[in-house]
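User: I am new to this structure and would like to learn how to read its features step by step. Could we take one residue as a starting point and then move outward to the whole chain?

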Amino acid sequence: MSKKIIIGLVSFGLAAVSTVNAQNVNYGVTDIQLRASSSATPPSGPNGYTRVGYWDVDGGGSKGTNGSTGHYMMALYLKKGNLTGASTCVTDVQLRASSSSTPPNGPAGYKQIGYWDVDGGGSHGTNGSTGHYMMAMYANTAKIGSGTKNCVTDVQLTASNTGTPRPGPNGYKPIGDWDVGAGGSKGTDGSTGHWKMTTYMKSAAVYVENCNTKNISQAYTRTGTGESLVAPFTSPSTSTAKSYSGLVEVIVSGTGYSYGMTVNDAFFGVKTGKPLDPQYYQLNIGWNGAPLKPYAGEPRNIANFIKFVDGIGKANLPTYNSNNRYHFVIEVPKDAGKLSFGVSDGGFDENAGQYNIAIYSVKETKADSCKNNEIQSTPPLKCANAVFLKNQETKRYAFSTGKPVNNKEGGWLKSPNIVGADANYYNRARWCMTTYRNIYQFQNKETKRYLFSTGSKHTGSDGNEGGWLKSPTIVGADANYYNRAQWTLIKRGDAYMLKNLKTNRYLFSTGKKHTGADGNEGGWLKSPELVGADANYYNRALWYIVK
């Protein structure tokens, strides 16, 4: 358990791909072209394209994608960009070799990018073809649409002065090589040579959400008649007559004052259009198992449960509306029962005003790829290779206690703690890690529980809570409730800080530093718990990701 994984946060890639089975990118090759010339100077490419290398062709000449021809230099160009459902990406590039003056045929459905005469040392194609005359390049392209598409993310060339191909970058596969003419060649990495030129390609699964609609009426369908209620600012809680479960459409309007004489609506101060306070003076929600009461505060703010906002799409908070009317969809527990609404406050006697609320049960009509705001991973998660999270300071492993998940638990209030153990007892320190758009999720291999951040959302600067003694615990939940099982990674040297996407808290190792061999504490029953701290106190929020 000593090999550290270095994660490419910008590219969404994972350098140690054997450890992480889900890899997503949204940037790739949208076009590939060749340019031929009869000059010793590499020919120019199309605007917006990047040249990845060039080489001298033999006497039989060459032909580029744009119809250019020549008996000297041939250059390869790529166009890259962000990929959306409307994008077309290059899904594959292949080379074909022959001993004929006629360019060899490519795979069915592929487009010929160009061809050239190789030198006496011959050539090798992607399909194993060989030859001493014409080499042709072919590419396949496809519109991404929605869901997952395998796209080429990069193509590179390497040049050599020997008959042995120069190695390509890590993670790239060779797709062919050829002998260049006496004028030599230059590769993407700056390598030069008068003999062997090799082409390398890298591909990845591209995931695109089909989330074009921003309208609730197109994304959700009402499943009942709904009901209306009035929630006065003078009461912490007003309940519905009906019971609800899962997705609920909410339309709320009205204003009042609960912060002195300052008027607020469901989310914002009316005068400023900004929240009056991160915890109070906004619309709260409760249900049978989580009733509203004075000082309920931030955990009950309805913004924590929003999945979709009319006119915006997937979001957690509407924008300020001068009419003080907001329309959105929330998600409540499946056994929520009757819902309750009220303004978040501590005292209610001197308040005035009301919320006017209409609610409906709804079901989602969007594509599965757009459901909720949770991680989608491609390919489906396989846990053959899992990772360990080892704290840099305490040398303890993030460890999942409690019984394995065997049915839906309906929340995290009774979820077992995650602790810092000194060893991987019974495989409970191994975590399956998935990623989507730089958001990470960790599921324990043995217990199937997710690394989950409880407690209130941290606001303000790091460290303003003054320590971790009152920090909320990290638990092993059975599901990603309200996105509290989603994390971002912040690189610090060869370690990472894991910051929860919802609570803004860091995964933090408490307790004494472990010394000696793994397992010398004899178990995890007295292991210190992990918490969600507001800062990296004494480097206890730094973790090695190892396999």
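**Reading one residue, then the chain**

Analyst: In this predicted model, Thr-199 has its place in strand β15, which covers residues 196-208.

User: Is Thr-199 buried or exposed, and why?

Analyst: A residue counts as buried when its relative accessible area is under 20%. Thr-199 has a relative accessible area of 0%, and therefore it is buried.

User: Which residues does Thr-199 touch, leaving aside those up to four places away in sequence?

Analyst: With those set aside, Thr-199 touches Leu-95, Val-155, Gln-156, Leu-157, Lys-173, Pro-174, Ile-175, Gly-176 and Trp-178.

User: What does the secondary structure of the chain come to, and how many of the residues count as buried?

Analyst: The chain has one helix and 37 strands, and 54% of its 547 residues count as buried. Among the contacts with a separation of 6 or more, 74% join residues that lie 24 or more positions apart. The chain exposes about 23,200 Å², of which carbon and sulfur atoms supply 48%.

User: Where is the pLDDT below 50, and what should not be read in detail where it is low?

Analyst: The mean pLDDT of the chain is 87, and 89% of its residues reach 70 or more. Over residues 1-25, however, the pLDDT is below 50, although the model gives this stretch 80 contacts beyond near neighbours in sequence. Residues 367-382 also stay under 50, with 52 contacts beyond four places in sequence in the model. Where pLDDT is low, it is the predicted coordinates that should not be read in detail.

Definitions and conventions: Residues are numbered from 1 along each chain as its sequence is written. This is a predicted model: local features need pLDDT of at least 70, side-chain atom pairs count only at pLDDT 80 or more; totals for chains, interfaces and linings use all residues. Side-chain values use heavy atoms; hydrogens and water are left out. Helices (H or I, at least four residues) and strands (E, at least two) are DSSP runs, numbered from the N terminus. Buried means under 20% relative accessible area, exposed over 50%, partly exposed in between (1.4 Å probe, protein chains only). Contact means heavy atoms within 4.5 Å. Accessible areas come from the Shrake-Rupley method with a 1.4 Å probe; for residues, only the protein chains shown count as cover. pLDDT is the predictor's confidence in each residue, from 0 to 100.
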